Amino acid sequence: MDAKTTNPLAAHLLGWYDRHHRDLPWRVGPAMQQAGQRANPYHVWLSEVMLQQTTVQAVKPYFQKFLVTWPTVVDLAAAPVEDVMAAWAGLGYYARARNLKRCAEAVANDHGGLFPDTEEGLRTLPGIGDYTAAAIAAIAFDRPAAVMDGNVERVISRLYAISSPLPASKPIMKGKVRELTPIERPGDFAQAMMDLGATICTPKRPACALCPFNGHCLALREFDPENFPLKAPKKQKPLRQGAAFVAVSPEGEIFLRRRPASGLLGGMTEVPNTAWTARQDGGTTADHAPFSADWQSCGTVIHVFTHFELRLTVFRAVTARSSDASGWWEPVDHLEAQALPTVMKKAISVAIPTAFNGADMNSPAMKRKSR
DNA sequence: AAGCCGTGGTA
DNA sequence: TTACCAAGGCT
C-alpha cells in the first residue's frame, strides 16, 4: 500500500475488510480481485438500485431472480415494463423499477450497452443519484469517488463526533469521506465503510470493542457513539382510511386494475378501491364500490406506508364476469405473475384466504396485521 | 427543499 | 407495542 496515496485510516480499514468483509452475491471479494476478477457493472448497478433504502436480506432473492430472467442490461432493456414491475413487486419504492427500466434502455440505446465509467456520466441516468453514481464508479470502475450512504454517515458522524444534525451535516461529512477515500482500492474502501456500518458501527449498541477505528473514534472517546448521528426530529404519520373491493367471478377470476403511472404505487396492479382519505367518518362503506354487487365486508387491512398509515376495509362479492374497460379479470391462481404491491396482496388475502397459498401472506406476522 | 415514495426486520 | 430504519432519488 502506497503511503502517499492511501492514508493510515483507510489502509487500516482495508486490512479489516480483507479479513471481515461480507460475501454478497453481487460482490467480487478482495481475493478474487487479486486474482484479476472485476465486478460486473450491470450487477453492481442492479444491486445498488435494489439496495436503496432496502435491506440486504430483502434484496438477495430479487437480485438472483432478475439476473436469471435478464442476464444482461440489454436483456432488461428489451423486457416489457409490466414484466419488470411484476418481478419488482414486494420490494417497494416502485419508481425504482420504472427508472431501472428507463436506465437500462438508455444504456442499451445511447451507450452501446455499456455503463458510463465515470461518476458524472452515471449521474445523468434515471434512478442514479449522488450515492449510486459514486458507488458504481468506485466499485465497478475503480474511480476514487466519495461514497456516502446511511452507513457511511453513521460511521463518519461518530468518527468525528459531528455535532450538527442530519441532513444539514451532509456536506461536512461528504468532505470527510472525500479526504479519507484512497486512490488505491476505492471500491473496497466504500464497501468496507458500509460493511463496518452494517456489522460493527450499528445504529443501536455498536460493537466498538471490535471496531478497527476504536482508537480514532472521537464519539467513543468523548461521548456515547449511540447518540450519533444527530437527526432532525421527524413528523408522526397520519392515519388514512379507505375500502377495497375484491370481485370474484363464478369461474374463479378476480377483477384487477392498473394504477396511474406515477405517484403512490405508480404503475402497479390493484383491486378497485376508494380514495384513501384522512377523514375518519367515511369512504369505508360499500356505496363506494366500482359496480353494484352483493358486497360483504370481510375484514380490515392495516398497512404502513412511508408517510401515512392505511386502514383498509375489504369487501368481497361473487359476481358475473362483466366487461369493464377500466380493468380486467385475472384467474385467482395466476396472481403471482401480477405486479401486486404488498398492500393489495393483503387485501386479496383477507377476501380470498387461499389466494397466495404458500406465500408470506398467511404468516402469523401477516395475519396479525389483518382482522 | 421539503415532501413524496414501500416493505419487513429489529429491539 | 411502538419506533426506528435499511447500500436514496425525484420533484
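**Exercise 1.** Of the atoms of DNA strand B within 4 Å of the protein, what percentage belong to sugar or phosphate?

*Solution.* Note that the model is predicted. Take the atoms of DNA strand B within 4 Å of the protein. Sugar or phosphate accounts for 63% of them. Bases supply the rest.

**Exercise 2.** Find how many residues surround DNA strand B, and sort them by class.

*Solution.* Start with the count: 19 residues surround the strand. The closest are K235, L265, H303, H307 and T342. Now sort by class. The surface near DNA strand B has nine nonpolar residues, nine polar residues and one charged residue.

**Exercise 3.** Identify which parts of DNA strand B pair with Q53, T306 and H307.

*Solution.* Take Q53 to begin. One of its backbone N or O atoms lies 3.0 Å from a base nitrogen of DNA strand B. Next, T306: an N or O atom in its side chain is 2.7 Å from a base nitrogen of the strand. Then H307: an N or O atom in its side chain is 2.7 Å from a phosphate oxygen of DNA strand B. Finally, turn to secondary structure. The elements giving two or more residues to the surface near the strand are β4 (296-304) and α14 (342-351).

**Exercise 4.** Is α14 mostly covered or mostly uncovered?

*Solution.* Apply the cut-off: buried means under 20% relative accessible area, counting protein chains only. Nine of the ten residues of α14 are buried. Among them are V343, M344, I348 and V350. K345 and K346 are also buried. The helix is mostly covered.

**Exercise 5.** Describe the span that UniProt annotates as "domain: HhH-GPD".

*Solution.* The annotation, from an unreviewed entry, covers residues 50-199. The span is 65% helix and 0% strand. Its end C-alpha atoms lie 20 Å apart.

Notes. Residues are numbered from 1 along each chain as its sequence is written. Chains are lettered from A and ligands numbered from 1 in the order in which they are written. This is a predicted model: local features need pLDDT of at least 70, side-chain atom pairs count only at pLDDT 80 or more; totals for chains, interfaces and linings use all residues. Side-chain values use heavy atoms; hydrogens and water are left out. A residue is near a molecule or strand if one of its heavy atoms lies within 4 Å of it. A polar contact is a pair of N or O atoms within 3.5 Å; within protein, one must be able to donate a hydrogen and the other to accept it, and residues adjacent in sequence count only if both atoms are side-chain atoms. Helices (H or I, at least four residues) and strands (E, at least two) are DSSP runs, numbered from the N terminus. Ala, Val, Leu, Ile, Met, Phe, Trp, Tyr, Cys and Pro count as nonpolar, Asp, Glu, Lys and Arg as charged, and the others, Gly among them, as polar. Buried means under 20% relative accessible area, exposed over 50%, partly exposed in between (1.4 Å probe, protein chains only). UniProt positions are given in the numbering used here, feature names are shortened, and annotations may be inferred rather than shown by experiment.
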